[in-house]
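Please look over the sequence and the model shown below before reading on. The paragraphs that follow lead from one part of the fold to the next.

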Amino acid sequence: MLELLLPSSVRTAEAFTDDPSEPCFPGEEDLIATAVPGRRREFLTARRCAREALALLGRPPVAIRPGPRREPLWPDGVTGSITHCAGYRAAAVAAVADIRSLGIDAEPHAPLPPRVLPAVTTAQDQEHLAILAKAEPSVHWDRLLFSAKESVYKAWYPVARSWLGFADADLIIDPDGGVFRARILIDGPFRALKGRWVIEHGLVVTAVTVDH
C-alpha cells in the first residue's frame, strides 16, 4: 500500500502478520524487556520492516533506537518512519539527499472514539469532516484525518525538532484524489505539508514527504 503513496526514491516494507518465534535484533532488547507479548510482536515486526527497507536502500542492518520523542533514530544520511496497528506493520526510508523528511501512519478503518475527536481536531477540521461525511458516509473521515495528522507530525519533527500538536494544524482532504493538505498554524520550517492516503484491507494508510 505504501508504494501507492510515496515517491520512487522511498523504499518501503510491510507485514500483515507477526512471527511469534522472531528473535530480537541485538541492541534493541532493552526496549521491549518488559513489554507484553502483543507489544513485543508488533515491535519486532515493525523493526524488521525497517531493516528490510534499509536493505533496499543499500544500507546494512542496524539497531534502531528511539529518540527523545520515541521517534526512530536512523543511520546518518537516512530519513524514515515506522507505523504499526492491528494487522499491519510498515516502514519507509529514503536518502536525505532525495527526501528531506517523511512520515507514515496506519490505522484501522473505524470511527474514532467520540471523546478523542474533539482533542485532535480544530474547528475548521470539524466543519470539513461534516461536509465529507455528508458526501461519502461510508468512509471514516475522522480516522483518516487522525492518521494524516500523525503522518504530518512524523514528517515535521525531524526537521523542526519541536512538538506539533493536533490543534497546531488543520487539514483539507480531497475525497477523490487521495491527497490531503495540512496548514501549519504555528511557526516552524514549513507552513504547509501535502500527503496522500489510501483505504485498503480495512486500513487507513497515510504518508507525507517533505522535499528539499
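Helices (H or I, at least four residues) and strands (E, at least two) are taken here as DSSP runs, numbered from the N terminus. The model is a predicted one, in which local features need pLDDT of at least 70 and side-chain atom pairs count only at pLDDT 80 or more, while totals for chains, interfaces and linings use all residues. Residues are numbered from 1 along each chain as its sequence is written, and side-chain values use heavy atoms, with hydrogens and water left out.

A good place to begin is V198, which is found in strand β7, made of residues 192-200. V198 is buried, with a relative accessible area of 12%, where buried means under 20% relative accessible area, exposed means over 50% and partly exposed lies in between, using a 1.4 Å probe and protein chains only. Although V198 and M1 are 197 residues apart along the chain, their C-alpha atoms are separated by 7.5 Å. Leaving aside neighbours within four places in sequence, V198 is in contact with M1, L4, L5, L203, V204 and V205, contact meaning heavy atoms within 4.5 Å.

The next part is a sheet. Strands of a sheet pair through backbone hydrogen bonds, either parallel or antiparallel; here two strands are said to pair if DSSP finds at least two bridges between them. The sheet in question is open and has 3 strands, in the order β1-β3-β2 and with antiparallel pairing. Because β1 (11-15) and β2 (78-85) stand at the edges, each with a single partner strand, one side of each is left without a neighbour in the sheet. From one strand to the next the twist averages 10°, an angle taken between N-to-C directions on a scale from 0 to 180 degrees, with axes as lines fitted to C-alpha atoms, for helices over the stretch in contact. β1 pairs with strand β3 (residues 88-95) in the antiparallel sense over 5 bridges, and E14 stands opposite A90 in β3. Helix α1, residues 37-56, packs on this sheet and touches β1, β2 and β3, its direction making about 30° with that of β3.

In the loop between β1 and α1 lies G27, which is partly exposed, with a relative accessible area of 33%. Not counting residues up to four places away in sequence, G27 touches A63 and R65.

Further along the chain is helix α4 (residues 141-160), whose 20 residues reach 27 Å from the first C-alpha to the last, close to the 28 Å expected at 1.5 Å a residue; the expected span is 1.5 Å times one less than the number of residues. Of the 20 residues of α4, 15 are buried, so that the helix is mostly covered. Just after α4, R161 takes a positive phi of about 55°.

How do α3 and α4 meet, and at what angle do their axes cross? The axes of helix α3 (residues 123-135) and α4 come within 9 Å and cross at roughly 135°. The two helices are therefore oblique to each other, since angles under 35 degrees count as roughly parallel, over 145 as roughly antiparallel, 65 to 115 as roughly perpendicular and the rest as oblique. Their contact is made by D125, L129, L132 and A133 of α3 and by W141, D142, L145 and K149 of α4.

Finally, E107 has its place in strand β4, residues 101-108, and is buried, with a relative accessible area of 12%. Outside the residues up to four places away in sequence, E107 touches C85, R143, F146, S147, G202, L203 and V204.
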